[in-house]
Amino acid sequence: MVLANVFDGFFDISSGLAPEVISSLIVVGIIIIICIIIAIKAHFADPLKKPKGILFLAETGVNFFDNLVGEMMGIHFKGFGGFVMAIAVYLFIAFIFGLTGLPSPVTNLAVPLSLALITFILIHATSVKYTKWHYFKRYVDPFPVMLPINLISMWAPLLSMTLRMFGNALAGWTLMSIVYWALGSLSGAIFSFMNTPWNQVFLAPFITPVLHVYFDLFSGLIQTVIFLFLTMINIANEVPDDIDNILEKGGK
């Protein structure tokens, strides 16, 4: 929590950006560095030998997400696994980033909203791609009088995915803040005989790690999985059944 306060003060003065946005940029930077390392190792790796270490993890991840997309979305989304993997890696690191003591990116509404907006755009872009001008028919079905209601309901996926992720992240951050404050106050009262501000930090290390495992690791993994599945399902549902059948037979 002390690191978070220092982090907030520094970036508010120097750049005016929200601390969570800076955290998000750090997460992206970490991912870019990892990708560069993997690219360099892949360039010099022997293609006839089984990959090891980080190359093995990267290959396993690519195969996993390609297979997942194939099962969840169908053959017409071949190559979509890279996007899903990128979102998964970013989200999971963003959720557990709070373990560093710095603000988690997902506790800022702009981050969940941006990710959900990408999904929202892909949903409608997929619908336009496969239905062409029939895309606009969805807003007047089953009757033209339903146009206002359909125009409002079209935003439901964007709002639900944004608020679900943001609400869970904010709830975890709020509960952990309350726990840290309570343990700090209790520790300060117990060790009040020590004339130092550090007397407030003795109890937290014995209790908070277990809570961090749930609110950061477990909850972060669950929210990442939920977001990915909603993304894949919502986008795949925009492909008409007849087009799906044609593509499975090898046509277009």
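These exercises walk through a predicted model, each with a worked solution.

**Exercise 1. The overall build**

Task: Find how many helices and how many strands the chain has, and which order the elements take.

Solution.
- Step 1. Count the elements: the chain has nine helices and zero strands.
- Step 2. Read from the N terminus on: the elements run α-α-α-α-α-α-α-α-α.
- Step 3. Turn to burial. Of the 252 residues of the chain, 35% count as buried.
- Step 4. Look at contacts between residues at least 6 apart in sequence. Of these, 67% join residues at least 24 apart.

**Exercise 2. Positions apart in sequence**

Task: For Ile-26 and Ala-94, and then for His-76 and Val-239, compare separation in sequence with separation in space.

Solution.
- Step 1. Place Ile-26: this residue lies in helix 2 (residues 19-44).
- Step 2. Classify Ile-26. Its relative accessibility is 33%, so it counts as partly exposed.
- Step 3. Take the distance. Ile-26 and Ala-94 stand 68 residues apart in sequence, and their C-alpha atoms are 9.4 Å apart in space.
- Step 4. Place His-76: the loop between helix 3 (54-73) and helix 4 (81-96) holds this residue.
- Step 5. Classify His-76. Its relative accessibility is 15%, so it counts as buried.
- Step 6. Take the second distance. His-76 and Val-239 are 163 residues apart in sequence and 9.1 Å apart in space, C-alpha to C-alpha.

**Exercise 3. Two aromatic pairs**

Task: Decide whether Phe-77 and Phe-80 are stacked or edge-to-face, and do the same for Phe-120 and Trp-155.

Solution.
- Step 1. Start with the count: there are eight aromatic pairs.
- Step 2. Take Phe-77 and Phe-80. Their ring centres are 5.8 Å apart, with 70 degrees between the planes. The cut-off for edge-to-face is over 60 degrees, so this pair is edge-to-face.
- Step 3. Check burial. Phe-77 has 8% relative accessibility, so it counts as buried. Phe-80, at 15%, counts as buried.
- Step 4. Take Phe-120 and Trp-155. Here the centres are 4.9 Å apart, with 15 degrees between the planes. Stacked means under 30 degrees, so this pair is stacked.
- Step 5. Place the partners. Phe-120 is in helix 5 (residues 110-131), while Trp-155 is in the loop between helix 6 (147-153) and helix 7 (156-190). The two are 35 residues apart, and the pair links distant parts of the chain.
- Step 6. Compare burial. Phe-120 is buried at 8% relative accessibility, whereas Trp-155 is partly exposed at 41%.
- Step 7. Add the cluster: Trp-133, Tyr-135, Phe-136 and Tyr-139 form one aromatic cluster.

**Exercise 4. Helix 5 from end to end**

Task: Compare the reach of helix 5 with its expected span, then find which of its residues are buried.

Solution.
- Step 1. Helix 5 has 22 residues.
- Step 2. From first C-alpha to last, helix 5 reaches 31 Å, close to the expected 32 Å.
- Step 3. List buried positions. Among them are Val-111, Leu-115, Phe-120, Ile-123, His-124 and Tyr-130.
- Step 4. Look just past the end. Lys-132 follows helix 5, and its phi is positive, near 55 degrees.

**Exercise 5. Two buried residues and what they touch**

Task: State which residues Ser-24 and Asn-150 touch, leaving out residues up to four places away in sequence.

Solution.
- Step 1. Ser-24 is in helix 2. Its relative accessible area is 13%, so it is buried.
- Step 2. Ser-24 touches Tyr-90, Pro-105 and Val-111, with residues up to four places away left out.
- Step 3. Asn-150 is in helix 6. At 13% relative accessibility, Asn-150 is buried.
- Step 4. With that exclusion, Asn-150 touches Arg-138, Tyr-139, Val-140 and Asp-141.

**Exercise 6. The cavity**

Task: Find how many cavities of 30 Å³ or more the whole structure has, and which residues line the largest.

Solution.
- Step 1. Searching the whole structure gives one cavity of 30 Å³ or more.
- Step 2. The volume of the largest cavity is about 40 Å³.
- Step 3. Its lining is made of Met-161, Arg-164, Met-165, Gln-223, Ile-226, Phe-227 and Leu-230.
- Step 4. Assign the lining to helices. Helix 7 and helix 8 (204-236) each supply at least two residues. Helix 8 gives the largest share, four residues.
- Step 5. Sort by class: five residues are nonpolar, one is polar and one is charged.

How values were computed:
Residues numbered from 1 in each chain as written. Predicted model: local features only at pLDDT ≥ 70, side-chain atom pairs only at ≥ 80, totals over all residues. Heavy atoms only, no water. Phe/Tyr/Trp six-rings, centres within 6.5 Å; stacked < 30°, edge-to-face > 60°. Buried < 20%, exposed > 50% of the residue type's maximum accessible area, 1.4 Å probe, protein only. 1 Å grid on protein atoms, 1.4 Å probe; cavity = no way out; pocket = protein on both sides within 12 Å on 5 of 7 lines; lining within 4 Å. Points joined across faces, edges and corners; volume = space filled by probe spheres on them. Nonpolar A, V, L, I, M, F, W, Y, C, P; charged D, E, K, R; others polar. Expected span 1.5 Å × (residues − 1). Contact = heavy atoms within 4.5 Å.
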